[in-house]
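Dear colleague,

Please find the structure below, handed over for your study. My notes on what was found in it follow directly after.

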Number of protein chains: 2
Amino acid sequence: MSRPVIVALDLDNEKKLNELLPKLGKPENVFIKIGMELFFNEGPKIVKQLSEQGYQIFLDLKMNDIPNTVYNGAKALARLGITYTTVHALGGSQMIKAAKDGLIAGTPIDKNVPKLLAVTELTSISDEILHYEQNCNLSMNDQVLSLATTAKKAGADGVICSPLEVKDLRQKVGEDFLYVTPGIRPAGNAKDDQSRVATPLQAKEWGSTAIVVGRPITLATDPEAAYEAIKKEFN
Amino acid sequence: MSRPVIVALDLDNEKKLNELLPKLGKPENVFIKIGMELFFNEGPKIVKQLSEQGYQIFLDLKMNDIPNTVYNGAKALARLGITYTTVHALGGSQMIKAAKDGLIAGTPIDKNVPKLLAVTELTSISDEILHYEQNCNLSMNDQVLSLATTAKKAGADGVICSPLEVKDLRQKVGEDFLYVTPGIRPAGNAKDDQSRVATPLQAKEWGSTAIVVGRPITLATDPEAAYEAIKKEFN
């Protein structure tokens with residue numbers, strides 16, 4: 001089975017979505033990530049429609065609330081036919097477990113339970129924010145390792161992390177876990193607001209199980225060609 | 001102006017919502033909190049409808065993502081005519097500022113910009129989770145104070161915190177700030193999954209600027225009477 005390349009759709013309405021999607025290829029060949037922006041504008045119905053059209057969907061809402069609320073939030077998301085969704089590991093093990101239980105409870109009988117990915121530290125969190133605003137007493141690497149370990153013990157299926165962290169995590173948290181890495185830029189692309197980036201080839205060599213790529217595909221003159229090239233480089 | 005009592009609507013669909021709302025009183029007298037569960041099931045359209053009917057709305061989605069995503073998420077929420085919304089202070093000052101900027105950018109000309117409330121530590125985060133899973137090197141009180149200070153400096157309008165933390169925060173962070181406190185139980189009610197609770201009267205005495213109350217109102221035999229009684233006790 002090929003390693004997924006997930007296209008981050010950072011756009012805010014259905015019209016732009018319908019303009020872009022046909023340019024990415026046939027639905028069954030396309031794995032998309034929907035975040036807050038599109039979901040907060042259009043809501044769950046668009047996710048359900050896209051899933052029914054054959055798209056694989058990573059619904060990336062990064063839940064972080066009390067366990068009971070996250071259980072019910074996850075239950076709602078599981079009804080939409082998604083493949084991946086996310087919680088913050090900083091929400092603690094009880095909340096992570098509640099999210100997984102909610103996904104199981106909400107999944108229709110004929111569907112697979114969505115995979116729960118825990119966000120360790122956002123790629124926009126610098127060492128300074130980690131130590132002086134989160135008041136964390138560990139180095140970035142140790143904090144990411146600690147959060148990934150907590151997430152795995154609590155029942156998450158994998159983590160979102162920087163591509164630079166995957167090698168270390170695979171050794172210490174285990175191979176039987178998903179390592180989904182945003183912050184991927186083909187050689188020569190701008191870094192935008194993400195501080196820790198890698199090329200698809202590097203991500204493959206370091207062991208990412210899936211990569212998330214946004215503007216290098218969505219803003220390409222030929223998005224499908226750019227998408228296929230990155231799939232090839234990553235597999 | 002009376003201090004708001006916000007009814008937490010922890011239900012998952014429009015049908016249950018339409019059964020409960022008439023029992024709370026006239027829309028212009030009712031301030032409701034919508035969280036992940038209802039929003040993930042029904043999406044933004046229901047929020048817009050309720051706002052147009054005259055309800056005041058706290059849309060509590062606790063955003064926590066990279067600044068650019070939160071800016072666009074907040075911009076989407078501001079179009080719905082809400083009064084309060086939330087971000088996690090753990091996301092850092094850049095993300096908090098991006099949320100406020102997004103709210104301003106998304107607010108229709110004839111509407112007020114929604115107030116941005118920062119979540120410090122969830123009421124379900126125990127000392128153990130704080131120190132051994134978040135790896136925070138401060139006590140709970142010091143961490144909440146630190147996060148509240150970061151949030152205020154970054155442009156948030158207030159914080160969500162436990163009622164037990166308000167007195168200390170008012171002195172150290174300032175009076176010109178909103179202190180919105182969930183975990184409110186009239187004397188004699190069950191504590192459910194929240195570990196730090198207070199009565200409406202205590203919350204008033206300790207300086208909460210608004211309180212959030214769920215099951216003691218929504219599960220009362222006469223929700224409107226229970227709501228009015230708590231409004232009275234808190235004002």
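In chain B of this predicted model, strand β7 (residues 178-181) and strand β8 (residues 210-213) pair in the parallel sense, over two bridges. Within this pairing, T181(B) has I211(B) of β8(B) as its bridge partner. As general background, the strands of a sheet pair through backbone hydrogen bonds, in either a parallel or an antiparallel manner.

These two strands belong to a larger arrangement. In chain B, eight strands close into a barrel in the order β1-β2-β3-β4-β5-β6-β7-β8, and the pairing is parallel. From one strand to the next, the twist averages 25 degrees.

Which helices lie across strands of chain B? One is helix α8 (residues 166-173) of chain B, which lies across β6 (158-160) and β7 and runs at about 165 degrees to β7(B). Another is helix α11 (residues 223-234) of chain B, which lies across β1 (5-8), β2 (31-34) and β8 and makes about 145 degrees with β1(B).

Chain A also holds a closed barrel of eight strands, running β1-β2-β3-β4-β5-β6-β7-β8 with parallel pairing. Its twist averages 25 degrees from one strand to the next. Helix α11 (residues 223-234) of chain A packs on the sheet, where it touches β1 (5-9), β2 and β8 (210-213) of chain A. The direction of this helix makes about 140 degrees with that of β1(A). Within the barrel of chain A, strand β2 (residues 31-34) and strand β3 (residues 56-63) run parallel and are joined by four bridges. There, I34(A) has L59(A) as its bridge partner in β3(A).

Strand β3 of chain A also contains K62(A). The phi of K62(A) is near 50 degrees, which is a positive value in a residue other than glycine. Is K62(A) buried or exposed? K62(A) is buried, because its relative accessible area is 8% and the cut-off for buried is under 20%. In chain B, N135(B) has a positive phi of about 60 degrees, although N135(B) is not a glycine. N135(B) is found in the loop between α6 (127-132) and α7 of chain B, and with 8% relative accessibility it counts as buried.

I turn next to the nonpolar core. In soluble globular proteins, nonpolar side chains tend to be buried together. The largest nonpolar core here has 159 residues, and F39(A), L59(A), I32(B), F39(B) and L59(B) touch the most other members. Helix α7 (residues 140-154) of chain B gives the most to this core, namely seven residues. What does L59(B) touch, not counting residues up to four places away in sequence? Its contacts include I34(B), F39(B), V47(B), L77(B) and I82(B).

The aromatic residues deserve attention as well. Over all chains, a search of the whole structure finds nine aromatic pairs. One of them is formed by F39(A) and F40(B), which meet edge-to-face at 5.7 Å centre to centre, with 90 degrees between the planes. This pair crosses between chains, from helix α2 (residues 36-42) of chain A, which holds F39(A), to helix α2 (residues 36-42) of chain B, which holds F40(B). F39(A) counts as buried because its relative accessibility is 0%, and F40(B) is buried with a relative accessible area of 3%. A further edge-to-face pair is formed by F177(A) and Y179(A), 5.7 Å centre to centre and with 75 degrees between the planes. Both F177(A) and Y179(A) are buried. In addition, F39(A), F40(A), F39(B) and F40(B) form one aromatic cluster.

Charged side chains are found over aromatic rings too. The charged end of K152(A) sits over the ring of F177(A), 5.6 Å from its centre. R3(A) lies over the face of F234(A), at 5.3 Å from the ring centre.

Lastly, T107(A) lies in the loop between α5 (93-106) and β5 (115-119) of chain A. With 12% relative accessibility, T107(A) counts as buried. Leaving aside residues up to four places away in sequence, T107(A) touches A78(A), N112(A), V113(A) and P114(A). From C-alpha to C-alpha, T107(A) and A151(A) are 21 Å apart in space, and they are 44 residues apart in sequence.

Yours sincerely

Conventions:
Residues are numbered from 1 along each chain as its sequence is written. Chains are lettered from A and ligands numbered from 1 in the order in which they are written. This is a predicted model: local features need pLDDT of at least 70, side-chain atom pairs count only at pLDDT 80 or more; totals for chains, interfaces and linings use all residues. Side-chain values use heavy atoms; hydrogens and water are left out. Two strands pair if DSSP finds at least two bridges between them. Axes are lines fitted to C-alpha atoms, for helices over the stretch in contact, and angles run from 0 to 180 degrees between N-to-C directions. Contact means heavy atoms within 4.5 Å. A nonpolar core is a set of buried Ala, Val, Leu, Ile, Met, Phe, Trp, Tyr and Cys residues joined through side-chain atoms within 4.5 Å. Buried means under 20% relative accessible area, exposed over 50%, partly exposed in between (1.4 Å probe, protein chains only). Rings of Phe, Tyr and Trp (its six-membered ring) pair if their centres lie within 6.5 Å; planes under 30 degrees apart count as stacked, over 60 as edge-to-face and the rest as tilted. A charge sits over a ring if NZ of Lys or CZ of Arg is within 6 Å of the ring centre and within 35 degrees of the ring normal.
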